[in-house]
Amino acid sequence: MSDRQFKSLAWWPTSILTLEQPDARELNAGLRRIILEMEREIVRKGKPLKVAGLEEGLSTLWLEYNVLNWDYDECRELRRLVLEGYGAFIETLGMAGDPGMEITGISCWANILRPGQSLTLHHHDPAFASAHYTVTTGWEDGTLVDSAEAGHTIYYRPGFMDRSHGGKANGISSLWDDDWRISRAPKPGNMIFFPSYLRHEVRPNVGTNERISIAMDIFVKKQELPMYFGGPRWFVPATEDDVVRQVI
Ligand SMILES: [Fe+2]
């Protein structure tokens, strides 16, 4: 009898969790109004930092506010979605119940891409998990033909960018290799959770309105980061209700 054993493991899997909400029209109308209103106030006094190709606007002031802390019912609703989604996300990772997965802080900001604007390739390291929520697509008036991946978020296979840029070993990807990028059109009310190291970009908005999304970075206890999760940038789950929603 042989002692040989094969074991199936999934090391460094890329788990994704999506939420689809076909009836989020009212929530999104509220979030849109709030974000455009807050933009005026925040942009007036903030100091922009260049982010993913943008030099001004709410994305560039992401360290100065947190959408989850805004005092509106719509933001409280979003907070519930985020915490429940996070709970479901770590469950897919097989980490539910691990005290190290408890949230230490969430940074949450809004991206308003006006016609012609895009977000260039980036990732969200050193956060543990990230998510984005679509509020508007930019083409609500129906003027845009959904072509050329306008306004799409494109996710790149982990490792692909590292293998394929620069150096003598740089080469074209195999012709059969069609999973190196995944392109998704924005859908209002949808949210996607992903590991923060996953590189992605948003193709230019060629609609006639703003393409608005809400993005967030989730940090957890296991990371033991020497960071202070206080001040306007952070939302920290504090109430019993918030903590229970993490389902851990
Ligand atoms: Fe991003």
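**Exercise 1. A backbone angle in a loop**

In which loop, and between which two strands, does Glu224 lie? Locate the residue in this predicted model, then describe its backbone and its accessibility.

*Solution.* Step one is the location: Glu224 belongs to the loop that runs between strand E9 (211–220) and strand E10 (234–235). Step two is the backbone, where the phi angle of Glu224 is near 45 degrees, a positive value in a residue other than glycine. Step three is the accessibility: the relative accessible area of Glu224 is 70%, and because the cut-off for exposed is over 50%, Glu224 counts as exposed.

**Exercise 2. A second positive phi**

Find where Ala52 is placed, and decide whether this residue is buried or exposed.

*Solution.* Begin again with the location, which for Ala52 is the loop between helix H1 (25–45) and helix H2 (73–92). Its phi angle is near 45 degrees, again a positive value in a residue other than glycine. The relative accessibility of Ala52 is 15%, and since buried means under 20%, Ala52 is to be classed as buried.

**Exercise 3. The iron site**

Identify the protein donors of the iron ion, and work out how they are distributed along the chain.

*Solution.* First, name the donor atoms: the NE2 atoms of His122, His124 and His200 lie 2.1 Å from the iron ion. Next, read their spacing along the chain, which is H-x1-H-x75-H. The pair His124 and His200 thereby links distant parts of the chain, 76 residues apart, with His124 in the loop between strand E3 (119–122) and strand E4 (129–136) and His200 in strand E8 (residues 200–202). Finally, check the accessibility of this pair: His124 has a relative accessible area of 7% and is therefore buried, and His200, with 2%, is buried as well.

The loop between E3 and E4 also contains Pro126, and the peptide bond that leads from Asp125 to Pro126 is cis, with omega near 10 degrees.

**Exercise 4. The order of strands in the sheet**

Derive the strand order of the six-stranded sheet, name its edges, and examine the pairing of E4 with E9.

*Solution.* Start from the inventory, which is four helices and 10 strands, arranged along the sequence as β-α-α-β-β-β-β-α-β-β-β-β-β-α. Six of the strands form an open sheet with antiparallel pairing, in the order E1-E7-E4-E9-E2-E10. The edge strands of this sheet are E1 and E10, each of which pairs on one side only. Within the sheet, E4 and E9 run antiparallel and are joined by seven bridges, and the bridge partner of His132 in E9 is Ala215.

**Exercise 5. Surface and interior**

Describe how the protein divides between surface and interior, and characterise its nonpolar patch formed by Leu9, Trp11 and Trp12.

*Solution.* Take the whole chain before the detail: of the 248 residues in the protein, 46% are buried, while the exposed area is about 14,100 Å², of which carbon and sulfur atoms supply 53%. Among contacts with a separation of 6 or more, 84% are between residues 24 or more positions apart. Turning to the patch, Leu9, Trp11 and Trp12 make a nonpolar surface of about 520 Å². Leu9 is placed in the segment before strand E1 (17–19), and because its relative accessibility is 60%, Leu9 counts as exposed.

Note on methods
Residues are numbered from 1 along each chain as its sequence is written. This is a predicted model: local features need pLDDT of at least 70, side-chain atom pairs count only at pLDDT 80 or more; totals for chains, interfaces and linings use all residues. Side-chain values use heavy atoms; hydrogens and water are left out. Donors are N, O and S atoms within 2.8 Å of the metal (3.2 Å for Na, K and Ca); water is not among the atoms, so sites may look incomplete. Buried means under 20% relative accessible area, exposed over 50%, partly exposed in between (1.4 Å probe, protein chains only). Patches are made of residues with over 30% relative accessible area and no salt bridge: like charges are joined within 9 Å, nonpolar side chains (Val, Leu, Ile, Met, Phe, Trp, Tyr) within 5 Å. Accessible areas come from the Shrake-Rupley method with a 1.4 Å probe; for residues, only the protein chains shown count as cover. A salt bridge is a side-chain nitrogen of Lys or Arg within 4 Å of a carboxyl oxygen of Asp or Glu. Contact means heavy atoms within 4.5 Å. Two strands pair if DSSP finds at least two bridges between them.
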